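Biologist: Could you take me through this model and show me how to read its features one at a time?

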Amino acid sequence: MIEMTEETKPKRMAIIASKGTLDQAYPPLILASTAVALDMEVAIFFTFYGLDIVNKKKLEKLKVAPLGNPSMPVPVPNFIGGLPGMTYVATSMMKSWMNNAGVATVPDLLNACIEMDVKLIACQMTMDVLGIKREDLIDELEVGGAATFLEFAQDADITLFV
Amino acid sequence: MEANETLDTSGLSCPLPVLKSKKKIKSMEVGSILKIIATDPGSGKDIPSWCRVTGQELLETAEEDGKFIFYVKRNK
């Protein structure tokens, strides 16, 4: 009987994506798409800066900043990282490393998530706070609040905050 | 080993070999065999994990010229 339940009910993963930098966009999208490939049901709740990952105008232009970031593979002192244009330089470098390593782009991974029916939820409250309109975001998501996410997440086997 | 279809993911990184394997095997008939070629070093562990979690059968693995080769039978 237990086996049957496990057989019929897929595992479920619920992710909160709260960051909008290039590096922090990857974990939710990679884990969500892979989880579906592992036959799980997945939802991502985009809140605060995480909304940039599903913002039509921003999702292809996510950046990584060298300022206050001691983990850049090529270390950049803060007094240089704070110079105009350094975020652009760091982002270009990161994108070229990723490209050379055969890593999918953020738009590619987002499209994979959409194709694989990952449930995408945009946080209504933070959209209002940040002045983001429904039409700024990709069509394939639903707008909801904490309760919308929690209704899905209450049955989750895995929950992650990114 | 004879495979019904082959998927070459050479040059692609995590998670693409797994995503593409999933998409490919869904298009094949139950009982048929998919040969997966990957250069992603992580795929050596990821493809077997994917097989275990999704109930597909990993028949054989090999390494040739820095490439990982997997033969996976679609069980369900």
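Biologist: How many residues does each chain give to the contact between chain A and chain B?

Modeller: Two residues are in contact if their C-beta atoms, placed from the backbone, lie within 7 Å; here the contact takes 11 residues from chain B and 11 residues from chain A. On the side of chain B that touches chain A, the elements giving two or more residues are helix H1 (16–26) and helix H2 (43–54) of chain B, where helices (H or I, at least four residues) and strands (E, at least two) are DSSP runs, numbered from the N terminus. H1(B) supplies the largest share of that side, 4 residues.

The model is predicted: local features need pLDDT of at least 70 and side-chain atom pairs count only at pLDDT 80 or more, while totals for chains, interfaces and linings use all residues. Residues are numbered from 1 along each chain as its sequence is written, with chains lettered from A and ligands numbered from 1 in the order in which they are written.

Biologist: What are the ipTM and pTM of the model?

Modeller: The model scores ipTM 0.88 and pTM 0.90. For chain B, the mean pLDDT (the predictor's confidence in each residue, from 0 to 100) is 95, and 100% of its residues reach 70 or more.

Biologist: At what angle do H2(A) and H1(B) pack?

Modeller: Axes are lines fitted to C-alpha atoms, for helices over the stretch in contact, and angles run from 0 to 180 degrees between N-to-C directions. Helix H2 (residues 22–37) of chain A packs with H1(B) at about 30°, their axes being 9 Å apart, and A:Ser33, A:Thr34 and A:Ala37 of H2(A) meet B:Val18, B:Leu19 and B:Lys22 of H1(B).

Within chain B, H1(B) and H2(B) pack at about 35° with axes 10 Å apart; this contact is made by B:Pro17, B:Val18 and B:Ser21 on H1(B) and by B:Ser43, B:Asp46, B:Ile47 and B:Trp50 on H2(B).

Biologist: How many residues of H2(A) are buried?

Modeller: A residue is buried if 20 or more other C-beta atoms lie within 10 Å of its own, again with C-beta atoms placed from the backbone. In H2(A), 12 of the 16 residues are buried, so this helix is largely enclosed by the rest of the structure. Its buried residues pack against strand S1 (12–17), strand S2 (41–46), helix H4 (86–100) and helix H5 (106–115) of chain A, together with H1 and H2 of chain B.

Biologist: Which residue follows H2(A) with a positive phi?

Modeller: That residue is A:Asp39, whose phi is near 65°.
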